Amino acid sequence: MADVLSVGVNLEAFAQAISAIQALRSSVSRVFDCLKDGMRNKETLEGREKAFIAHFQDNLHSVNRDLNELERLSNLVGKPSENHPLHNSGLLSLDPVQDKTPLYSQLLQAYKWSNKLQYHAGLASGLLNQQSLKRSANQMGVSAKRRPKAQPTTLVLPLQYVDDVISRIDRMFPEMSIHLSRPNGTSAMLLVTLGKVLKVIVVMRSLFIDRTIVKGYNENVYTEDGKLDIWSKSSYQVFQKVTDHATTALLHYQLPQMPDVVVRSFMTWLRSYIKLFQAPCQRCGKFLQDGLPPTWRDFRTLEAFHDTCRQ
Amino acid sequence: MPVAEGKSVQQTVELLTRKLEILGAEKQGTFCVDCETYHTAASTLGSQGQAGKLMYVMHNSEYPLSCFALFENGPCLIADTNFDVLMVKLKGFFQSAKASKIETRGTRYQYCDFLVKVGTVTMGPSARGISVEVEYGPCVVASDCWSLLLEFLQSFLGSHTPGAPAVFGNRHDAIYGPADTMVQYMELFNKIRKQQQVPVAGIR
């Protein structure tokens with residue numbers, strides 16, 4: 001409202017400025033008229049020249065005067081739109097045909113939205129920074145200078161070392177057999193067979209686990225050309241659920257400085273699925289809920305829960 | 001699943017399927033398991049008065065290209081469907097028992113990873129009982145998921161839940177196969193044949 005009022009105060013100046021502009025225009029057109037008419041109606045050549053120059057000079061003076069007047073007035077008018085929070089777009093509110101083009105109200109709405117969005121995004125980013133899900137060594141706070149130093153250690157490990165870690169884990173759990181292959185260069189793929197319950201395909205990047213897929217013991221884990229099928233999911237709902245939980249586990253177990261410990265804890269967690277069909281839920285004591293057995297295993301205690309029964 | 005008092009086999013099947021549908025199971029077409037009995041021909045029997053063995057030739061719509069030949073308590077042979085033609089040629093050794101054909105037909109239901117087949121067992125023109133087959137696909141070792149199956153069975157069979165089938169005890173760590181299902185059907189059919197009108201449920 002204040003802006004509208006201040007514009008109203010300056011209306012006088014506006015009207016004067018507009019008439020000043022009109023005066024300026026007419027004086028300028030007079031200059032050109034005089035130039036167009038040229039020298040005439042005088043007896044002598046000198047008289048004609050003199051009269052023409054005097055006339056031309058008069059016209060230019062009046063242009064100059066009008067221009068000065070306009071400049072003075074324009075200072076009076078000022079810049080009313082500057083202090084409006086929406087800058088020039090704030091002038092849209094002056095549009096009298098509100099009903100046809102509700103541009104201004106929409107604009108305000110959008111402005112509020114974007115303000116709110118910014119506020120919430122700020123809150124969310126603050127919270128997310130507290131519980132970072134980044135699995136690599138370079139954390140948020142690390143400055144750009146130090147970053148290159150931290151990176152290579154965990155991502156580039158000798159193949160032999162990876163093989164050793166995997167075979168040690170393989171020996172650790174007798175009911176779990178791990179088959180390691182490298183079909184595409186240096187990245188290892190593991191086929192983990194857990195008892196007669198399930199098979200897990202684990203895609204690794206160095207010692208980081210990138211992706212896991214859980215399938216049934218009797219399901220085919222190879223594509224037609226004999227490669228490990230890392231894309232298709234299990235046809236059983238149980239194993240689709242377990243795949244989801246395994247992906248959650250990947251994000252839970254993280255220790256960038258010791259990737260081998262991460263793999264070992266993930267496998268230990270995975271091993272608890274040996275009793276997938278035999279363990280009742282620790283909370284409700286039942287086997288089935290919505291047709292599914294307890295598919296969740298607690299990260300610390302490895303106890304079995306239904307997806308909806310866990311805390 | 002005993003037929004309820006004063007109700008026909010048909011009505012009990014309807015009751016069962018309605019319970020399954022309330023549970024959230026989806027109908028997935030029909031199924032059929034049939035069984036024919038052959039006995040060894042008299043001419044081939046030994047002079048020691050050895051009793052003729054019974055052989056059962058069975059088909060299951062779940063495995064449309066296979067034919068199952070079972071001996072009582074004996075081995076189970078899984079062959080192509082051409083096996084039927086072979087049996088005709090072996091007339092001299094195996095003779096088909098008259099009017100011995102027994103079969104179960106019904107609807108196939110899917111509930112999550114469970115496959116439920118409720119069928120009416122018929123022998124000749126008369127309905128003899130009801131068969132309920134429950135299959136849990138994700139698990140390959142039968143004894144591992146027995147308690148889980150039991151809980152599922154209780155949810156729609158109520159108090160009529162049967163005990164663990166014999167197949168489970170014999171080979172508790174082996175991988176379950178189609179033959180195991182057929183053995184159970186054979187045992188179920190034999191029971192139905194012997195006891196008139198006392199149906200039993202078979203479980204996978």
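These notebook entries record what I looked up in this structure, which is a predicted model.

**Entry 1. Chain A as a whole**

I began with the make-up of chain A, which holds eight helices and six strands. I then read the elements along the sequence and noted the pattern α-α-α-α-α-α-β-β-β-β-α-α-β-β. Chain A has 311 residues, and 32% of them are buried. I also looked up how far apart in sequence the contacting residues are. Of the contacts in chain A between residues at least 6 apart, 46% join residues at least 24 apart.

**Entry 2. Where chain B meets chain A**

I turned next to the contact between the two chains. Chain B supplies 18 residues to the contact and chain A supplies 17 residues. About 1,600 Å² is buried between chain B and chain A, with carbon and sulfur atoms giving 60% of that area. I counted polar links as well: seven residue pairs are in polar contact between the chains, both residues being at pLDDT 80 or more. Which helix of chain B gives the most to the side that touches chain A? I found that this is helix H3, residues 146–157, with four residues. On that side of chain B, I recorded twelve nonpolar, two polar and four charged residues. For salt bridges between chain B and chain A, the count is zero.

**Entry 3. Salt bridges**

Side chains of opposite charge can pair when their charged atoms come close. I noted twelve salt bridges over all chains, and I examined some of them in turn.

In chain A, the side chains of A:Lys36 and A:Asp33 form a salt bridge, at 3.6 Å from N to O. Both residues belong to helix H2, residues 11–37, and since they are three residues apart, about one helical turn separates them. I recorded A:Lys36 as exposed, with a relative accessible area of 63%, and A:Asp33 as partly exposed at 38%.

A salt bridge also joins A:Arg205 and A:Asp210, again in chain A, with 3.6 Å from N to O. A:Arg205 is partly exposed at 39% relative accessibility. A:Asp210 is partly exposed as well, at 38%.

In chain B, I looked up the pair B:Arg105 and B:Glu103, whose closest N and O atoms are 3.1 Å apart in a salt bridge. B:Arg105 counts as partly exposed at 49% relative accessibility, whereas B:Glu103 is buried at 17%. I also noted a network in which salt bridges that share partners join B:Glu62, B:Arg108, B:Lys117 and B:Glu133.

**Entry 4. Buried charges without a salt bridge**

I then searched chain A for charged residues that are buried but unpaired. A:Lys199 lies in strand S3, residues 198–205. How far away is the nearest side chain of opposite charge to A:Lys199? That side chain belongs to A:Glu219 and is 9.3 Å away, and A:Lys199 is buried with no salt bridge. Leaving aside residues up to four places away in sequence, I found that A:Lys199 touches several residues, including A:Leu191, A:Val192, A:Ile213, A:Val214, A:Tyr217 and A:Val221. A:Lys215 and A:Glu219 are also among the residues touched by A:Lys199.

My other case is A:Asp229, which sits in the loop between strand S4 (208–216) and helix H7 (237–252) of chain A. A:Asp229 is buried and has no salt bridge, and the nearest side chain of opposite charge, that of A:Lys215, is 4.0 Å away. Beyond residues up to four places away in sequence, A:Asp229 touches A:Ile201, A:Lys215, A:Val221, A:Tyr222 and A:Thr223.

**Entry 5. Positive phi angles**

Most residues other than glycine have a negative phi. I therefore recorded A:Asp290, which is not a glycine and has a positive phi of about 55°. A:Asp290 is in the loop between helix H8 (259–271) and strand S5 (296–297). Is A:Asp290 buried or exposed? At 60% relative accessibility, I recorded A:Asp290 as exposed.

A:Leu302 is not a glycine either, and has a positive phi of about 65°. I located A:Leu302 in the loop between S5 and strand S6 (304–305) of chain A. A:Leu302 is partly exposed, with a relative accessible area of 28%.

Definitions and conventions
Residues are numbered from 1 along each chain as its sequence is written. Chains are lettered from A and ligands numbered from 1 in the order in which they are written. This is a predicted model: local features need pLDDT of at least 70, side-chain atom pairs count only at pLDDT 80 or more; totals for chains, interfaces and linings use all residues. Side-chain values use heavy atoms; hydrogens and water are left out. Helices (H or I, at least four residues) and strands (E, at least two) are DSSP runs, numbered from the N terminus. Buried means under 20% relative accessible area, exposed over 50%, partly exposed in between (1.4 Å probe, protein chains only). Lys and Arg count as positive and Asp and Glu as negative; His and the chain ends are not counted. Contact means heavy atoms within 4.5 Å. Buried area is the accessible area (1.4 Å probe) that two parts lose on being put together, summed over both. A polar contact is a pair of N or O atoms within 3.5 Å; within protein, one must be able to donate a hydrogen and the other to accept it, and residues adjacent in sequence count only if both atoms are side-chain atoms. Ala, Val, Leu, Ile, Met, Phe, Trp, Tyr, Cys and Pro count as nonpolar, Asp, Glu, Lys and Arg as charged, and the others, Gly among them, as polar.
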